[in-house]
Amino acid sequence: MKTNYDVVIVGGGMVGACLACALAQTDLQVAVLEFSEPQLSWPEDSVDLRVSAISVASQRIFKAVDAWQYMLDGRVSPYRDMKVWDSTGNGRIHFDSADVGMAEMGHIIENRVIRAALLKRIEEHDNIHFICPTSLASWYNDDDALYLTLADGSKIKTALLVGADGSRSQVREQAGISYYGWPYDQSGVVAVVETELPHQETAWQRFLTTGPLAFLPLADGRSSIVWSTTPDAAENLVAMNDEQFCIALGEALEGRLGAIMTTTQRAAFPLKLQHAEQYVQERIALVGDAAHMIHPLAGQGANLGFLDAASLVDVISDAAQQGRNIGSLKVLRRYERWRKGGNVSMMYAMDGFKRLFSNDITVVKYLRNTGLTLADKCAPIKHRLMRQAMGEEGDLPRLAR
Ligand SMILES: Cc1cc2nc3c(=O)[nH]c(=O)nc-3n(C[C@H](O)[C@H](O)[C@H](O)COP(=O)(O)OP(=O)(O)OC[C@H]3O[C@@H](n4cnc5c(N)ncnc54)[C@H](O)[C@@H]3O)c2cc1C
């Protein structure tokens, strides 16, 4: 094993793997440390319970790192429309990708397909080493570099250590970077279901006062669902038999896709908001869920992470070209300044939506239903919201342009 790298990424999940692929296009030597063996193959007819709505900007990043074709070889499902409505009134809004001159609003892709495609690209590059299973035991910062010790006792020297190790980030914790946040009184129940009526390549979302219910269209005609609800109700939904669950789900969507014919088993994920106080320190940077975790109601968490990865690559490749130290705080601050504001805005926007639609006060219900209907009729507002969801707004990194 090599012992000297320019960049060491802890975490080879979707965001860490994406960062590694983007760095593969530089001359930098990169190691990815991952502690669990990734799933790289699966039975043809099985579907991952975890899927992500991937924005147009993230798709561009995947294309730029030549991973998109591998995702197409796996399975991707375009969605062209989105229908959102409130359970407490007549408020509704319909987004149609054609209105902003796009063929689709994005794609629904299984998380394991995204990750396997990126890991396949990593394998094709000599300057990226995926080291698994392993984990980081400790590190110390010296004058010239960071010195890491892995769990098996081996030593690595690096100019930059990136935490892409998810919401319970070891890198963030060991660096002493604090975070703020709060648990939502909700868990997200996920499953893959077959519906009586076709999904029409449309994402359907109904806001219930207990949380939003989303149906995301899959290529095989089924839908992946994320049902955010109280932790007790989530536990119940997971424990129900399939028939009871199908009936409860069909009713919660008001029968918009007819009866729910079949379902897979379910899993529930506790939802929370979390944000690191800093994204960088001397020779340390955080990306993806290690830096921020948001409510999944608009499917933006991983998309923000991919933009973090692409932005960090712009910053460090510019610095490397200018002969600057890629781990210096001055260089890394540019990454933090670039990403933090947009991530915080998205995080609070999702938090605001979650609170607005969970509110049972009559006047709030009236205002949100009226607001939805007015926004539906106001093309400029609607188009702006769509461009934001597609990741088209703001200062995009080179790979996402
Ligand atoms: C129900 C639900 C639905 C969602 N839907 C969407 C969506 O539609 N669109 C979207 O954009 N986002 C969505 N998200 C958010 C998205 O899933 C996350 O933002 C994304 O998975 C974060 O990826 P990550 O790589 O940063 O972290 P993770 O996925 O947590 O990956 C971290 C990786 O690091 C490894 N690791 C951790 N610690 C260590 C260590 N110490 N040493 C070595 N390796 C380590 C782990 O094994 C893992 O592989 C959803 C989230 C939920 C809960």
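This note goes through the ligand site, the one cavity and the second largest pocket of a predicted model.

1. Basis. The model is predicted, so that local features need pLDDT of at least 70 and side-chain atom pairs count only at pLDDT 80 or more, while totals for chains, interfaces and linings use all residues. Residues are numbered from 1 along each chain as its sequence is written, and side-chain values use heavy atoms, with hydrogens and water left out.

2. Ligand shell. The ligand is surrounded by 30 residues (those with a heavy atom within 4 Å of it), and the closest are Glu 34, Ala 53, Gln 170, Asp 289 and Ala 302. By class, this shell holds twelve nonpolar, 13 polar and five charged residues, where Ala, Val, Leu, Ile, Met, Phe, Trp, Tyr, Cys and Pro count as nonpolar, Asp, Glu, Lys and Arg as charged, and the others, Gly among them, as polar.

3. Ligand contacts. Oxygen atoms of the ligand lie 2.9 Å from a backbone N or O atom of Ala 302, 3.1 Å from a backbone N or O atom of Val 15, and 3.3 Å from a polar side-chain atom of Arg 50. Taken alone the ligand exposes 1,000 Å², of which the protein buries 85% (Shrake-Rupley areas with a 1.4 Å probe). Helix H1 (14-23), strand E3 (51-54) and helix H8 (301-321) each give two or more residues to the shell; helices (H or I, at least four residues) and strands (E, at least two) are DSSP runs.

4. Cavity. The search of the whole structure finds one cavity of 30 Å³ or more, a cavity being a set of points on a 1 Å grid over the protein atoms alone where a 1.4 Å probe fits but cannot get out. The volume of the largest cavity is about 50 Å³, and its lining (residues with an atom within 4 Å of a point) includes Arg 75, Glu 110 and Asp 220. Strand E7 gives the most to this lining, with three residues, and the lining as a whole has six nonpolar, one polar and three charged residues.

5. Second largest pocket. This pocket (an open set of points with protein on both sides within 12 Å along at least five of seven lines) has a volume of about 340 Å³. Of its 14 lining residues, the closest to its centre are Trp 42, Asp 73, Gly 74, Arg 75 and Val 113. Helix H4 supplies the largest share of the lining, four residues, and the lining divides into seven nonpolar, two polar and five charged residues.

Terms used: Points joined across faces, edges and corners; volume = space filled by probe spheres on them. Polar contact = N/O pair within 3.5 Å; in protein donor to acceptor, adjacent residues only side chain to side chain.
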